[in-house]
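Visitor: I'd like to go through this model and hear the reasons behind the labels. Could you show it to me?

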Amino acid sequence: MILRSGLVWNLCKRHRDGNVRYAAHSHSNIGLIMIQRVLPYEGLLHEVVEHDGVLYIGGIVPEDTSLDMSGQANDVLGQLAQLLKRLGSDLANVLQVTIYMTNLKEKSEFNAAWKAHFAAAHLPARAAIGVADLGPGVKLEMTAIAARPPQA
């Protein structure tokens with residue numbers, strides 16, 4: 001149990017599929033808050049946390065760090081597209097993206113890949129932030145927030 005604004009909330013436990021889903025329910029008339037956490041990673045994080053149809057996607061890094069910025073950008077954006085598809089969404093539903101880059105001089109190469117993945121009508125809000133280091137060979141890491149359309 002946890003306390004929140006003076007109310008007692010109950011939490012659900014790990015489901016059979018191994019993913020943790022928290023359902024917080026107050027003992028007042030506020031109602032039920034569903035938070036789903038999926039794709040646990042090394043006991044450090046969940047790759048995706050969902051609340052009220054909004055998907056919060058943790059850092060995505062390129063699988064092939066030998067690629068140049070364009071290749072790594074295509075890799076990361078492709079991973080995002082596949083993850084969203086798996087979760088019942090797509091790139092048209094991305095609301096916001098934060099990109100961490102080790103060299104902002106390569107931003108034009110990233111932008112070319114970005115434009116190839118996102119339709120002009122569905123461009124999300126975004127920020128690109130320069131960082132000193134993301135690990136050996138990693139040129140970028142990306143987080144995203146996306147909507148998951150209601151299930152039909």
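Guide: Happily! The protein has 2 helices and 9 strands, where helices (H or I, at least four residues) and strands (E, at least two) are DSSP runs numbered from the N terminus. From the N terminus on, the order is β-β-β-β-β-β-α-β-α-β-β. This is a predicted model, in which local features need pLDDT of at least 70 and side-chain atom pairs count only at pLDDT 80 or more, while totals for chains, interfaces and linings use all residues. Residues are numbered from 1 along each chain as its sequence is written, and side-chain values use heavy atoms, with hydrogens and water left out.

Visitor: Why is Glu50 called buried?

Guide: Buried means under 20% relative accessible area, exposed means over 50%, and partly exposed is in between (1.4 Å probe, protein chains only). Glu50 has a relative accessible area of 11%, so it counts as buried. Across the protein, buried residues make up 31% of the 152 residues.

Visitor: What does Glu50 touch, not counting residues up to four places away in sequence?

Guide: Glu50, which is found in strand 5, touches Met34, Ile35, Gln36, Leu55 and Arg148. Contact here means heavy atoms within 4.5 Å.

Visitor: What makes Arg148 and Glu50 a salt bridge?

Guide: A salt bridge is a side-chain nitrogen of Lys or Arg within 4 Å of a carboxyl oxygen of Asp or Glu. The side chains of Arg148 and Glu50 meet at 2.6 Å, N to O, so the pair fits that rule. Arg148 lies in the segment after strand 9 and Glu50 in strand 5 (residues 45-51), so the pair ties together parts that are 98 residues apart in sequence. Arg148 itself is at 21% relative accessibility and therefore counts as partly exposed.

Visitor: How many salt bridges does the rule give?

Guide: The count comes to 2 salt bridges. Besides the pair just described, Lys139 and Glu106 meet through their side chains at 3.3 Å, N to O. Lys139 lies in the loop between strand 8 and strand 9 and Glu106 in the loop between strand 7 and helix 2, so this pair ties together parts that are 33 residues apart in sequence. Lys139 is partly exposed because its relative accessible area is 23%, and Glu106 is buried because its value is 17%.

Visitor: How do you know that the buried residues of helix 2 are on the same side?

Guide: In helix 2 (residues 107-117), Phe110, Ala113 and Trp114 are buried. They cover an arc of only 105 degrees around the axis, which puts them on the same side of helix 2; the arc is that of the directions from the helix axis to the C-beta atoms. On the other side, Lys115 and Ala116 are exposed. The buried residues of helix 2 pack against helix 1 (69-86), strand 7 (94-101), strand 8 (125-130) and strand 9 (140-147).

Visitor: What makes a set of residues a nonpolar core?

Guide: The members are buried Ala, Val, Leu, Ile, Met, Phe, Trp, Tyr and Cys residues joined through side-chain atoms within 4.5 Å. The largest such core has 27 residues, and those with the most contacts inside it are Val48, Ile57, Leu80, Leu84, Val94, Ile99 and Phe110. Strand 4 (32-41), strand 6 (54-60), helix 1, strand 7, helix 2 and strand 9 are the elements that give two or more residues to this core. Helix 1 gives the most, with 7 residues. As background, nonpolar side chains tend to be buried together in soluble globular proteins.

Visitor: Which residues form a nonpolar patch on the surface?

Guide: Tyr41, Leu44 and Leu45 form one, with about 310 Å² of accessible area together. Patches are made of residues with over 30% relative accessible area and no salt bridge, with like charges joined within 9 Å and nonpolar side chains (Val, Leu, Ile, Met, Phe, Trp, Tyr) within 5 Å. Tyr41 lies in strand 4, and at 39% relative accessibility it counts as partly exposed.

Visitor: What is special about the phi of Glu42?

Guide: Glu42 has a positive phi of about 50 degrees although it is not a glycine. Most residues other than glycine have a negative phi. Glu42 lies in the loop between strand 4 and strand 5, and at 63% relative accessibility it counts as exposed. Asp52 also has a positive phi, of about 55 degrees, without being a glycine. Asp52 is placed in the loop between strand 5 and strand 6, and at 70% relative accessibility it counts as exposed.

Notes. Areas by Shrake-Rupley, 256 points an atom, 1.4 Å probe, with all protein chains shown as cover.
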